[in-house]
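Reader: I have not looked at this one before, so could you walk me through it?
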Amino acid sequence: MIFLLSLGVAVLFGSGAFLILKADLIRVVIGMVLISHSANLFIIAAGLSRGEPPVYPLPDGREISDPLVQAMALTAIVISFGVAALLLSLVYRVYTSHFSLDLDELAEAEEREEAIQELEVFVGRPVRRVPWPEGAAPPRAGAGE
Amino acid sequence: MVRAGRCGEGKTVLNPTIWLLVLAFAAAPVTAVVGGMRPHLAARAGTVMAGLAFGAALWGWLGDPAPVDVAWAPEWGLRFAFELDGLGALYSLLATGIGLTTLVYAGGYAPRHLAHQGRPAAEATRLYGLLLLFMGAMVGLVLAQDLILLFVFWDLTAVVSYLLIGYDRQEAESRSAALMAIVVTGVSAVLLLIGALMLGARYETFAIPEIVAAVGASEGDGYLTGTAALMAVAGLAKSAQVPFHFWLPRAMAAPTPVSAYLHSAAMVAAGVFLLGRLYPILEAGEGVRDGLLVVGLASMGIGGVLALTRDVMKQVLAYSTIGQYGYVVTMLGLGGEAGAAGAAFYVVAHAVAKSALFYTAGAVSEATGETRLAHLGGLRRDLPLLGVGSALAAASLGALPLTVGFFKDELLFHAALERGAVFAGLAAVGAALTVAYVWRFWAGIFLGPRRAATEWLPRSLVLPVVVLGVLGVLGGFVVWPVADLASEAASATILATVPVDPAYHLDPRAENLLALAAFALGAGIVVSRRWWERFALDLSRAGERFGPARGYASLLVGLNGLSDGVHRIEVRDLRARVASVLVPCALLVGAAVLAAPTFGEFRAGSVEWDDLPLILVLLVGCGAAVATAFAGDHLTMALVVSGVGYSLAVFYVFYGAPNVALVAVLIETIFTLLFLGMLVLLPPRVAEFAASRRVEGVRRGRRDPLIGVVAGLFAFVVAWGTLSRPSPAESVASAQIALTPDAHARDVVTAILADFRGLDTMGEATVIAVALIGIASLLRRGDLVALQSREAPQEGRPPVTTVMTQTVARLLFAPTLVVAAAIMVKGYADTGDGFSAGVIAALGVLLQYVAFGHAEVERRLPVHRALYLAIAGMGIALLTTFLPAVFGRPLLTHWPPAGDEALRIGSLELITAVVFDVGVFCIVFGFAVGAIDVIAHGQRAFRRAAV
């Protein structure tokens, strides 16, 4: 069982690591979620004993599951949810500012922003930005209120 | 009048040391407060405070100060140790005395300066406050008897000097000058810290007297030499000595009061103060004193010659300061009684004269609008009082007889003669250069034909010059106060009684002859300007071309380039950055696994028939994870990733962890809904991108699967290695299981969360609250509408909910909350706790969103208060955590204590652990609702933009 549990942890972690390396920010977030799952599974599997739920009245003569790792896993699950929600809103925020979730496009946008800032220092006044990247669909006329 | 003994401990009210520290540090805040309320009174308040601090310093010098010694971080041997010894008295009198005149001067200067630049007059308060803050830092520095404390004040002076030099922050020149000053003095401050830590490591104390005594008792070696050299470099950079001198002329971009204070009496004086304070350590370092001698002489020469070539008044004075502190460093390098005494005396005499000359330069450019000597001249008739005052100061700096300056040169010659005739000759040349540039400065302004018109000057710009000039002449007749100060300071420097007794001797002794030679040579330099001018200008040009300033510039360019390069690498490829974090981590952990004593003891573990459901569920979970990794679009991904979560939840059920399973199911549901909700917000373009080949990234080949496999293998080895370790016979868990009935609980997990390890839960709940604040500030309501209207999605979708759904949702809402409450309150008796209750209640609210839409929910429920709910929950949890501490109990001690019967209402037990759980519930509920609300709000704004 130990072997199988380790294998489970490994598959979850490997899939997560694979997703984190994608150019799509949403996949990166999901990769983080998978890695959290892998960690939670690992915490639970690290329990010293396995058996009945640790709730009184305790069954006689049968082994009780380790309650300490359960408490840890429980908070870990809630925290990974908090982190995932924060990441999602970060991703969404990035989208609302750059209209893209493509890491390559975002890198280009950042480099462009740097160039603009240097230009601003040079000319000594703010420069107007065009808010969507080259090649992206322009906003439709009249879409804004 | 050398202070022999110290008065008894325990004096506080009548201890001048305390008063000096308090007044010096209160000066800046008091001035800032007064200036904030009544800007026109700020200068007066600052002057009064500086005056009080000066009074306290005088009292400390004449009176009987006791040391102050308070524990700071005793386990590291750090103390707040202050003592008003000879060095402290001299430099604190300088810092507060010149500070006082500077405040008077700044009171007249700052309003005019700000008016010239078109800045509001209230900004003057900032200048006064910073000057006084600098004064406080100087006083702290010179009284500190602990190396780390000394470093803290040393760094504080550097930081405040940065703000002061860059006071005219709209000028690029000021900003770069300030940057240069803080880079040079700040980097060298790090050397001081390293030296302090090296000394602390060897002598196991940071107390300066103890270290000095220990150094004195030991033999010098390489370690000590290195330490001494590091600290000496810090002091030399601060005092603007060659080759770190280049920052000082640039710092003249500061307003004149700043230059007058920092660059005559305070900042640059701090450097030689450090050399004086640590002199016994420097002396123990082999060759360090010779190094000081070389640097001092070089600074004397370079400062003196370049001062002759400069045309801008303040530049002349800046190079003069470099040269003058070169004298002081030279004398410390010469060493011995004469050197120490001369150095201390010189600092006082120079500071008084030089600050007066700085004030003169500022007053003249205020009156005429000119800063260059070439455009000035003949002002003796227009500004007679200023002319006389600065003439006295110039005479003192030029060491003419009947001024205090004469004695400074006498002591210099005396110290040089003790070492050898060569040094005496060099000293005389240096003195001659001083005479020459002082004459050039004063005569260039006040003599010759009139070249510029003047306007009226306020008294506060002239008075400090006259006062300091008169003081300089007074010191020429009544020399004992300065001599006493110098004697005490020198005694504190070399730890031996040093008599200083300067007097006029009307006989042909060597000192007098050298002085005469210096005057004659100085006059010769003035007269023969035509012959040497080319050479001096060439030297100056060569310095600019090949000097250390160029090294600094190329260093800055190089650092900028490096930073840009690293940044570009980081920005260009997030994945490379992720890999660059993951790979070293993996290597480190892998090394730790290999080094672990149990490495190699892998166990496969037994598999029984009962485990079959576990294996099947695990198989499903793993399959879903792989499917997630290769999912073609976001929607599929959302569904299969929730499959991973749900199968893990089922796994927890079979594993004997119903609490975890409950939370996992609930969390998975709410996360999936949030995720889907967010996908709706994104336009089809993003979905197209997600389904395309481009997600692999343009710069990446096919290594991602390989990296994924390697990462998985790594996780496998770590997990297997860990799980294979034999379990200890006795675990914490069994004790916790046994204790649970005492905590009035039946569910062990809940008891652990709310009681046994409640502080951990507290910390974890805080993480959630912080994440919610992050989400709320990232997606602030209202901000998004403007952003979203730029790119509209497809046509608005038709409403998907029917009357049936709405009715069910309405019916279900109240029961959900009841279930949540029950799970929370009964969590102690059965599966469930604050976490799961919070998520259940949030699901109830989410259902309302699905059924009725955002607008309706917002109308019916106070969802926008979710953040407050989370903060209130935080408050409840904190209160239950820390309230026991008020009664002297350990944190999170719950009531009723073990064994006591709890209050019951029906089958409900009233215990404080439940209150803690209510706090956790509020945090989780508030978090989930807040996150849902933000996303839903975005959707609504989005739809509106589309219509």
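Author: We can go through the contact between the chains, then a surface patch, the salt bridges and some backbone details, keeping in mind that this is a predicted model.

Reader: Okay, how many residues does each chain put into the contact?
Author: Chain A brings 89 residues to the contact, while chain B brings 119 residues.

Reader: And what area is buried between chain A and chain B?
Author: About 9600 Å² is buried between chain A and chain B, and carbon and sulfur atoms account for 74% of that area. The size of an interface is often expressed in this way, as the accessible area lost when the parts come together.

Reader: How many salt bridges and how many polar contacts run between the two chains?
Author: The number of salt bridges between chain A and chain B is zero, whereas nine residue pairs, both members at pLDDT 80 or more, are in polar contact between these chains.

Reader: Which elements of chain A are on the side that touches chain B?
Author: Those that give two or more residues are α1 (2-20), α2 (25-45), α3 (67-98) and α4 (103-123) of chain A, and α3(A) gives the most, with 23 residues. By residue type, the side of chain A that touches chain B divides into 59 nonpolar, 15 polar and 15 charged residues.

Reader: Switching to the surface, which residues make the nonpolar patch?
Author: The patch, of about 860 Å², is made by Leu402(B), Leu463(B), Val467(B), Leu471(B), Leu474(B), Phe477(B), Val478(B), Trp480(B) and Tyr504(B). Helix α19 of chain B, residues 459-477, gives the most to this patch, with five residues, and Val467(B) is found in that helix.

Reader: Back to salt bridges: how many are there over all chains?
Author: A search of the whole structure finds 19 salt bridges over all chains. One of them is formed by Arg419(B) and Asp290(B), whose closest N and O atoms are 3.4 Å apart. This pair links distant parts of the chain, since Arg419(B) lies in helix α17 (residues 404-419) and Asp290(B) in helix α13 (residues 288-309) of chain B, 129 residues apart.

Reader: What about the backbone, where is the cis peptide bond?
Author: The cis peptide bond joins Val242(B) and Pro243(B), with omega at about 5°, and Pro243(B) is found in the loop between α8 (222-238) and α9 (247-250) of chain B.

Reader: And which residue has a positive phi although it is not a glycine?
Author: Ala240(B) has a positive phi of about 55°, and Ala240(B) is likewise found in the loop between α8 and α9 of chain B. For background, most residues other than glycine have a negative phi, and most peptide bonds are trans.

How values were computed. Residues are numbered from 1 along each chain as its sequence is written. Chains are lettered from A and ligands numbered from 1 in the order in which they are written. This is a predicted model: local features need pLDDT of at least 70, side-chain atom pairs count only at pLDDT 80 or more; totals for chains, interfaces and linings use all residues. Side-chain values use heavy atoms; hydrogens and water are left out. Contact means heavy atoms within 4.5 Å. Buried area is the accessible area (1.4 Å probe) that two parts lose on being put together, summed over both. A salt bridge is a side-chain nitrogen of Lys or Arg within 4 Å of a carboxyl oxygen of Asp or Glu. A polar contact is a pair of N or O atoms within 3.5 Å; within protein, one must be able to donate a hydrogen and the other to accept it, and residues adjacent in sequence count only if both atoms are side-chain atoms. Helices (H or I, at least four residues) and strands (E, at least two) are DSSP runs, numbered from the N terminus. Ala, Val, Leu, Ile, Met, Phe, Trp, Tyr, Cys and Pro count as nonpolar, Asp, Glu, Lys and Arg as charged, and the others, Gly among them, as polar. Patches are made of residues with over 30% relative accessible area and no salt bridge: like charges are joined within 9 Å, nonpolar side chains (Val, Leu, Ile, Met, Phe, Trp, Tyr) within 5 Å. Accessible areas come from the Shrake-Rupley method with a 1.4 Å probe; for residues, only the protein chains shown count as cover.
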